[in-house]
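Subject: Structure handover

Hello,

Here is the structure I promised you. Please open it next to this email, and my notes follow below.

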Amino acid sequence: MKWKSKFSTTIKERGKDYFKRNRVINYKADDHSISGDVSGSHVYHVNIEIEDDKIKTMSCTCPYAYSHTTCKHMAALLFQYEKEEEIINMNLAYYASDIEKMIEYLTAPQLLKYLWNHYICDETERLIDMGKYILAYDLINYVLLVVSDFSLYKQAGYDRFLTNVDFKLKYCIRYASRDEYIYMLLYMAKEKDGTMYCDKVKDFYRYFFYSYLYQEESH
């Protein structure tokens with residue numbers, strides 16, 4: 001997202017100084033907004049609305065912002081945003097390379113446990129807390145593909161793994177392809193325990209996909 005041209009050089013440099021001195025606290029961001037508090041002589045709250053990867057509106061509770069369109073607190077928050085986005089982008093490459101290394105060295109039970117603890121439990125929770133629902137959904141899908149490719153659904157503990165996957169996906173399911181997701185789950189269920197387990201999966205996901213499942217069962 002391009003934003004620096006909206007700020008004068010002086011305001012921008014002051015904002016960078018605040019950012020480098022870790023003055024941005026309570027940082028939050030999702031696909032539509034960025035918010036946080038910036039501490040100086042006082043603590044001021046900044047909120048920035050985003051639309052189509054562009055800044056829509058900016059506001060700050062500092063006195064300077066009441067008479068100007070930008071302030072150093074807004075700039076500090078945007079520098080923090082850049083840092084967080086850089087970390088996220090680096091992680092996309094890291095996820096794939098890390099999982100590939102683990103595939104080489106871990107047994108199937110160890111790999112399922114690693115994917116569960118490190119990615120499904122810890123990493124997706126971190127991304128969801130940051131409001132990065134699309135990235136969390138993509139990561140979960142990547143993990144599910146690894147599970148399918150290496151037949152990890154045959155391992156003990158897979159039921160618990162699948163339950164945890166559902167718990168995380170409910171936060172970012174609006175970004176999912178419903179048909180594709182149901183197809184993958186039913187495919188994995190059939191590979192594991194047959195028709196009986198497929199019925200359990202249908203019941204488990206009925207709350208989120210009732211209309212889809214109702215149509216399927218009607219044919």
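Is F79 buried or exposed? F79 is buried, because its relative accessibility is 6% and the cut-off for buried is under 20%. Keep in mind that this is a predicted model.

Aromatic contacts

I start with the rings, since F79 belongs here. The count comes to five aromatic pairs. One of them joins F19 and F79. This pair is stacked, with 6.0 Å from centre to centre and 25° between the planes. The two rings come from distant parts of the chain: F19 lies in helix 1 and F79 in helix 3, 60 residues apart. F19 is also buried, because its relative accessible area of 17% falls under the 20% cut-off. F19 and F79 belong to one aromatic cluster, together with W3 and F7.

Y114 and Y119 make another of the aromatic pairs, and this one is edge-to-face. Their centres are 6.0 Å apart, and the planes meet at 80°. What is the relative accessibility of Y119? The value is 0%, so Y119 counts as buried. Y114 is partly exposed, with a relative accessible area of 21%.

One further ring contact involves a charge. The charged end of R23 sits over the ring of Y18, 5.0 Å from the ring centre.

Salt bridges

How many salt bridges are there? The count comes to three.

Take E82 and K4 to begin with. Their side chains meet in a salt bridge at 2.6 Å, N to O. This pair links distant parts of the chain, with the two positions 78 residues apart in numbering. E82 is in helix 3 (residues 72-105), while K4 is in the segment before helix 1 (9-20). E82 counts as partly exposed, because its relative accessibility is 30%. K4 is partly exposed too, at 33%.

Next come R21 and D17. They form a salt bridge, and the closest N and O atoms are 2.6 Å apart. R21 has 43% relative accessibility, so it counts as partly exposed. For D17 the value is 34%, which again means partly exposed.

The remaining salt bridge is between K56 and E51. Here the closest N and O atoms are 3.4 Å apart. Is K56 buried or exposed? K56 counts as exposed, because its relative accessibility is 55% and the cut-off for exposed is over 50%. E51 is partly exposed, with a relative accessible area of 43%.

The hairpin

K56 and E51 bring us to the strands. Strand 3 covers residues 43-51 and strand 4 covers residues 54-60. The two run antiparallel, and six bridges join them. One residue to look up is V46, whose bridge partner in strand 4 is C60. Which residue in this hairpin takes a positive phi? D52 does, with a phi near 55°. The hairpin has two residues between its strands.

Where to look

Try the F19 and F79 stack for a contact between helix 1 and helix 3. Then go to E82 and K4, where helix 3 meets the segment before helix 1 in a salt bridge. Finish at D52, in the hairpin of strand 3 and strand 4.

Best wishes

Note on methods: Residues are numbered from 1 along each chain as its sequence is written. This is a predicted model: local features need pLDDT of at least 70, side-chain atom pairs count only at pLDDT 80 or more; totals for chains, interfaces and linings use all residues. Side-chain values use heavy atoms; hydrogens and water are left out. Two strands pair if DSSP finds at least two bridges between them. Helices (H or I, at least four residues) and strands (E, at least two) are DSSP runs, numbered from the N terminus. A salt bridge is a side-chain nitrogen of Lys or Arg within 4 Å of a carboxyl oxygen of Asp or Glu. Buried means under 20% relative accessible area, exposed over 50%, partly exposed in between (1.4 Å probe, protein chains only). Rings of Phe, Tyr and Trp (its six-membered ring) pair if their centres lie within 6.5 Å; planes under 30 degrees apart count as stacked, over 60 as edge-to-face and the rest as tilted. A charge sits over a ring if NZ of Lys or CZ of Arg is within 6 Å of the ring centre and within 35 degrees of the ring normal.
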